[in-house]
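Here is a protein model to work through together. A student asks, and a tutor reasons towards each answer.

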Amino acid sequence: MTVTALPAVTAERESELLASVPTGLLINGEWRPAASGKTFEVEDPATGKVLLSIADAGPEDGAAALDAAAAAQESWANVPPRERGEILRRAFELVTERAEDFALLMTLEMGKPLAEARGEVTYGAEFLRWFSEEAVRAFGRYSVSPDGKSRLLVTKKPVGPCLLITPWNFPLAMATRKVAPAVAAGCTMVLKSANLTPLTSQLFASVMMEAGLPAGVLNVIPTSTAGATTGPLIKDSRLRKLSFTGSTEVGRRLLSDASETVLRTSMELGGNAPFVVFEDADLDAAVAGAMLAKLRNMGEACTAANRFIVHESVADEFAEKFAARMAEMTTARGTEENSKVGPLIDAKSRNKVHELVSDAVASGARAVLGGAPVDGPGYFYQPTILAGVAEGTRILSEEIFGPVAPITTFGTEEEAIRLANNTEYGLVAYVFTRDLNRGLRMGEKLETGMLGLNAGVISNAAAPFGGVKQSGLGREGGLEGIEEYLYTQYIGIADPYAG
Ligand SMILES: NC(=O)c1ccc[n+]([C@@H]2O[C@H](COP(=O)([O-])OP(=O)(O)OC[C@H]3O[C@@H](n4cnc5c(N)ncnc54)[C@H](O)[C@@H]3O)[C@@H](O)[C@H]2O)c1
Ligand SMILES: O=CCCC(=O)O
């Protein structure tokens, strides 16, 4: 087997890559400056240095982007599904060919270690491949009415122009998870990328154009004024769908705005995942799962385990083993070979993490490991384990979004279920047990859209991702993902045998 060396990350390579990123707005197939001429800066969270300045869309640009999407909708919907699928397939191949560029760009703007960024490229690209295959499967049905007197024809049609709003934490995958099904369904789009990490979307959009996407189908408007720029679009009757991934707080506000035009929405919101370890679990497997569920993306994932709920008979052993593994995790800029934990996205996020940790300690929790920011440049935080966290502590009810694992204990299965469900969120839960029946019972009792059974990461392009309660509405990926971009039309047909 030939092993190809990965390109070394030098300052020169970083500059070359950044120079290849389009810095304009993509509107109707052309990269252009913002109407106001304004730009905003994108920073490296590991150093605080400016990586690039890019065009800063305002309301006028938002309107131009929606004009382009609305104008392209009819002709795009008429493109045969196979052709739409082939564009996605080419995009999958192009992203895969440029995997190293995408990975490095994400590491630079978001901070995750390069190895993790490579994992996100694989994950993100998979949505392009999955929906390239689903494009030709938007089936309807034809049936005889129950009384036999008419025929029922049910078809699926693209919902129309969509506004896609993405967060900063998975800069590629959160974009492909929306763009790919929208393309497959025949919808045009305005993509508003996150202002903290817009560069990956810029590169991704250029790849979509290279893959053959017609002008106007995908329009991209990075902006530092999200509300002012997208607000008018949400109220515009030409917009037919809002797909949002981000915090529950912003999601709630957008849902309220969307109610004005009864706009169809998908909401992928925050989480507060319980990670339940039963006394019969394989503890080494549980610790391996905990490392993934907690440290993936430095804990900056909606799926991150936020509360470790461990049976009292194994809690000390679990904490000890978990702390030993966490202690091996080196914090360093994601481009460094030894980096296992990159910086948090910004000072505000790091301050919030530390505030939650300090509050938990003040309320009686014990820091088994870490518990403080890392001195020096960048927004690093020490991998942290807190034991003896009492019910009702703030850290158990808010998204931590950092490498911090609070451990709390339980005695009975009923208590574990009560603690796990004791949150307004319902995205994902993790359960570790050797008893399959218990695992299935937990699946039935836990109020979450997803469950990892003896698994610390379950994200998969072929599976429906999404939550219940205040974690959101709708599903992305899987067979369900394309449905979010289709509406059902029913045509009633008179009895074909009637005279
Ligand atoms: N459920 C999921 O699939 C999923 C995936 C990733 C992240 N998340 C959640 O996202 C959050 C972290 O991401 P974030 O900090 O970028 O979230 P955020 O809600 O602050 O921002 C998300 C996006 O919304 C934009 N935005 C903010 N205010 C807006 C407004 N008034 N109008 C229009 N757009 C607006 C932002 O610019 C960004 O593009 C966490 O809560 C995390 O759990 C959820
Ligand atoms: O942050 C949430 C998204 C994580 C994922 O898709 O696995």
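The questions below start with the whole chain and then turn to single residues.

Student: What kind of model is this, predicted or experimental?
Tutor: Settle this before reading any value. The model is predicted.

Student: How many helices and strands does the protein chain have?
Tutor: Both kinds of element occur in the protein chain. The count is 14 helices and 22 strands.

Student: What is the radius of gyration of the protein chain, and what does a compact globule lead us to expect?
Tutor: Start from the length, 499 residues. A compact globule with 499 residues would have a radius of gyration near 23 Å. The value for the protein chain agrees with that: 24 Å.

Student: What does the C-alpha trace span along its principal axes?
Tutor: Three spans are given, one per principal axis. For the C-alpha trace they are about 75 × 65 × 55 Å.

Student: What share of the residues counts as buried?
Tutor: Buried means under 20% relative accessible area. Apply that to the 499 residues of the protein chain. The share that counts as buried is 55%.

Student: How much of the accessible surface belongs to carbon and sulfur atoms?
Tutor: Take the total for the protein chain, about 20000 Å². Carbon and sulfur atoms hold this part of it: 52%.

Student: What share of the contacts with a separation of 6 or more comes from residues 24 or more positions apart?
Tutor: Set aside the contacts with a separation below 6. Among the rest, residues 24 or more positions apart account for 73%.

Student: How many residues of strand β13 are buried?
Tutor: Strand β13 covers residues 305–311. The strand is mostly covered. The number of buried residues is seven of seven.

Student: Which residue in β13 is the bridge partner of F275?
Tutor: Look first at strand β12, residues 273–277. Five bridges join β12 to β13, and the two strands run parallel. Within β13, the partner of F275 is F308.

Student: Which residue forms a salt bridge with D67?
Tutor: The closest N and O atoms of the pair are 2.9 Å apart. D67 lies in helix α2, and its partner lies in the loop between α8 and β10, so the pair ties together parts that are 171 residues apart in sequence. D67 is partly exposed at 40% relative accessible area. The partner, at 32%, is also partly exposed: R238.

Student: Which other residue meets R238 in a salt bridge?
Tutor: Here the N to O distance is 3.0 Å. The side chain that meets R238 is that of D236.

Student: Is E413 buried or partly exposed?
Tutor: E413 forms a salt bridge with R441, with the closest N and O atoms 2.8 Å apart. R441 lies in helix α14 and E413 in helix α13, so the pair ties together parts that are 28 residues apart in sequence. R441 has a relative accessible area of 38% and is partly exposed. E413 has 13%, and the cut-off is under 20%, so E413 is buried.

Student: Which residues are joined with E413 and R441 into one network?
Tutor: The joining is done by salt bridges that share partners. Besides E413 and R441, the network holds E279, D280 and R438.

Student: Which residues make the nonpolar surface patch of about 270 Å²?
Tutor: One member lies in strand β22, residues 486–494. That member, I491, is partly exposed at 35% relative accessible area. The full patch is made by Y142, I491 and I493.

Technical notes. Residues are numbered from 1 along each chain as its sequence is written. Chains are lettered from A and ligands numbered from 1 in the order in which they are written. This is a predicted model: local features need pLDDT of at least 70, side-chain atom pairs count only at pLDDT 80 or more; totals for chains, interfaces and linings use all residues. Side-chain values use heavy atoms; hydrogens and water are left out. Patches are made of residues with over 30% relative accessible area and no salt bridge: like charges are joined within 9 Å, nonpolar side chains (Val, Leu, Ile, Met, Phe, Trp, Tyr) within 5 Å. Accessible areas come from the Shrake-Rupley method with a 1.4 Å probe; for residues, only the protein chains shown count as cover. A salt bridge is a side-chain nitrogen of Lys or Arg within 4 Å of a carboxyl oxygen of Asp or Glu. Helices (H or I, at least four residues) and strands (E, at least two) are DSSP runs, numbered from the N terminus. Buried means under 20% relative accessible area, exposed over 50%, partly exposed in between (1.4 Å probe, protein chains only). The radius of gyration is taken over C-alpha atoms; the globule rule is 2.2 Å times the number of residues to the power 0.38. Contact means heavy atoms within 4.5 Å. Two strands pair if DSSP finds at least two bridges between them.
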